[in-house]
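Reader: I'm new to this one, so could you walk me through it step by step?

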Amino acid sequence: MNLEFANAAYGVDETAILTDVSLSVGAGEVVSVIGPSGAGKTTLLRLAALFERPTAGTVRCDGTDPWSLSRDERLTLRRRIGIVFQRASLFETSVARNVDVGQRIRRPWSRRLRAFGRRLVDRWLRDGPTVDDRALEALELVGLGNAWDRDAGSLSGGEAQRVSFARALATEPDLLVLDEPTSDLDPRNTAILERAIDRARERGHGVLLATHDMHQAERISDRVAFLLEGELVETGPAARVFENPRDERTARFVRGDLLYDENELLA
Ligand SMILES: Nc1ncnc2c1ncn2[C@@H]1O[C@H](COP(=O)(O)OP(=O)(O)OP(=O)(O)O)[C@@H](O)[C@H]1O
């Protein structure tokens with residue numbers, strides 16, 4: 001899927017949260033969004049995941065504006081996007097069922113069948129088959145192939161996050177939207193997830209990632225976008241943005257210099 005922000009903006013009431021964002025993510029491409037806390041990274045990702053509609057400009061999927069489609073057509077498009085948040089939320093069942101449930105929930109239930117579908121999913125979470133090939137493959141990719149029959153409640157935070165990633169991957173999404181997926185993880189779990197992101201890229205999934213970890217952005221991204229106060233200051237190949245930023249604000253941010261007046265921080 002080619003995701004394209006074209007002069008997209010987002011505001012709530014009179015407050016502008018994102019202004020004039022133009023950015024694309026193609027198949028097999030990892031794009032990282034960096035920027036200080038409150039810059040608008042999560043909001044940008046919510047627009048990409050079609051949770052929010054831009055208040056100006058467009059966010060197009062393969063040239064189509066999802067917000068010009070019917071709700072059901074938009075939901076079908078959303079099923080092609082896998083999402084992982086900072087903290088895993090897993091069902092109280094086996095690891096394998098937790099991964100497989102992503103595919104089941106994504107089946108396009110008709111409106112009338114949706115409530116029935118939910119009951120089926122609940123029953124399946126309790127009594128369904130214990131492992132599925134695609135779920136197992138996704139678990140292997142995050143180094144948890146042997147943990148498929150473990151109870152999800154017994155996992156460490158890092159393992160649970162890897163299961164969340166496997167769940168998103170098992171739906172074979174065209175685009176993965178990852179909001180600080182490793183911010184709570186230790187270096188080993190972070191390295192495993194980064195390798196899994198790299199494999200996802202090799203398989204042709206597009207990845208849009210928000211991260212506070214500059215080293216991670218440099219390591220895994222094809223392109224980096226620096227967001228500051230809702231404005232996309234600079235976008236470019238990762239090596240170029242980190243080694244030779246064009247904008248002074250990007251230079252200060254990637255160097256780790258404070259972007260704010262110290263007096264403001266102390267006020
Ligand atoms: N629904 C909303 N209503 C009002 N303000 C909002 C809303 N959503 C986000 N904001 C504000 O927009 C700004 C950007 O928020 P966002 O969560 O996108 O930033 P972020 O870059 O992801 O931050 P962090 O790195 O701390 O997670 C913040 O000042 C936030 O308070």
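Reader: Let's start with the strands. How many bridges join β1 to β2?

Author: Keep in mind that this is a predicted model. Strand β1 covers residues 3-12, and its partner β2 runs antiparallel to it. One pairing to look for is F5, which stands opposite L23 in β2. The number of bridges joining β1 to β2 is 7.

Reader: And in the hairpin of β1 and β2, which residue takes a positive phi?

Author: The hairpin has 2 residues between the strands. The one with a positive phi, near 50°, is D13.

Reader: There's a ligand here too. Which element gives the most to the shell around the ligand?

Author: The ligand is surrounded by V12, T15, I17, G35, S37, G38, A39, G40, K41, T42 and T43. Two elements give two or more residues to that shell, β2 (15-25) and α1 (41-48). With 3 residues, the one that gives the most is α1.

Reader: How do the residues of that shell divide into nonpolar, polar and charged?

Author: Go back to the residues around the ligand, which include V12, S37 and K41. Sorted by type, they come to 3 nonpolar, 7 polar and 1 charged.

Reader: Back to α1: why is it largely enclosed by the rest of the structure?

Author: Look for the buried residues in α1: they are K41, T43, L44, L45, L47 and A48. A residue is buried here if 20 or more other C-beta atoms lie within 10 Å of its own. Following α1 you'll find L50, with a positive phi near 65°. As for the enclosure, α1 is largely enclosed because its buried residues number 6 of the 8.

Reader: Now the helices α6 and α7. Are they roughly parallel or roughly antiparallel to each other?

Author: Helix α6 spans residues 157-170 and helix α7 spans residues 187-202; their axes are 10 Å apart, at an angle of about 10°. Angles under 35 degrees count as roughly parallel. So α6 and α7 are, to each other, roughly parallel.

Reader: What residues make the contact, and how do they divide by type?

Author: From α6 come G158, Q161, R162, F165 and L169, and from α7 come N189, I192, L193, A196 and A200. By type, the residues of this contact are 6 nonpolar, 3 polar and 1 charged.

Reader: Last one, on the chain as a whole. What percentage of the residues is buried?

Author: The chain has 11 helices and 9 strands. Among its contacts with a separation of 6 or more, 70% come from residues 24 or more positions apart. Of the 267 residues in the chain, the buried share is 38%.

Key:
Residues are numbered from 1 along each chain as its sequence is written. This is a predicted model: local features need pLDDT of at least 70, side-chain atom pairs count only at pLDDT 80 or more; totals for chains, interfaces and linings use all residues. A residue is near a molecule or strand if its C-beta atom, placed from the backbone, lies within 6 Å of it. Helices (H or I, at least four residues) and strands (E, at least two) are DSSP runs, numbered from the N terminus. Ala, Val, Leu, Ile, Met, Phe, Trp, Tyr, Cys and Pro count as nonpolar, Asp, Glu, Lys and Arg as charged, and the others, Gly among them, as polar. Two strands pair if DSSP finds at least two bridges between them. A residue is buried if 20 or more other C-beta atoms lie within 10 Å of its own, exposed if 12 or fewer, and partly exposed in between; C-beta atoms are placed from the backbone. Two residues are in contact if their C-beta atoms, placed from the backbone, lie within 7 Å. Axes are lines fitted to C-alpha atoms, for helices over the stretch in contact, and angles run from 0 to 180 degrees between N-to-C directions. Angles under 35 degrees count as roughly parallel, over 145 as roughly antiparallel, 65 to 115 as roughly perpendicular and the rest as oblique.
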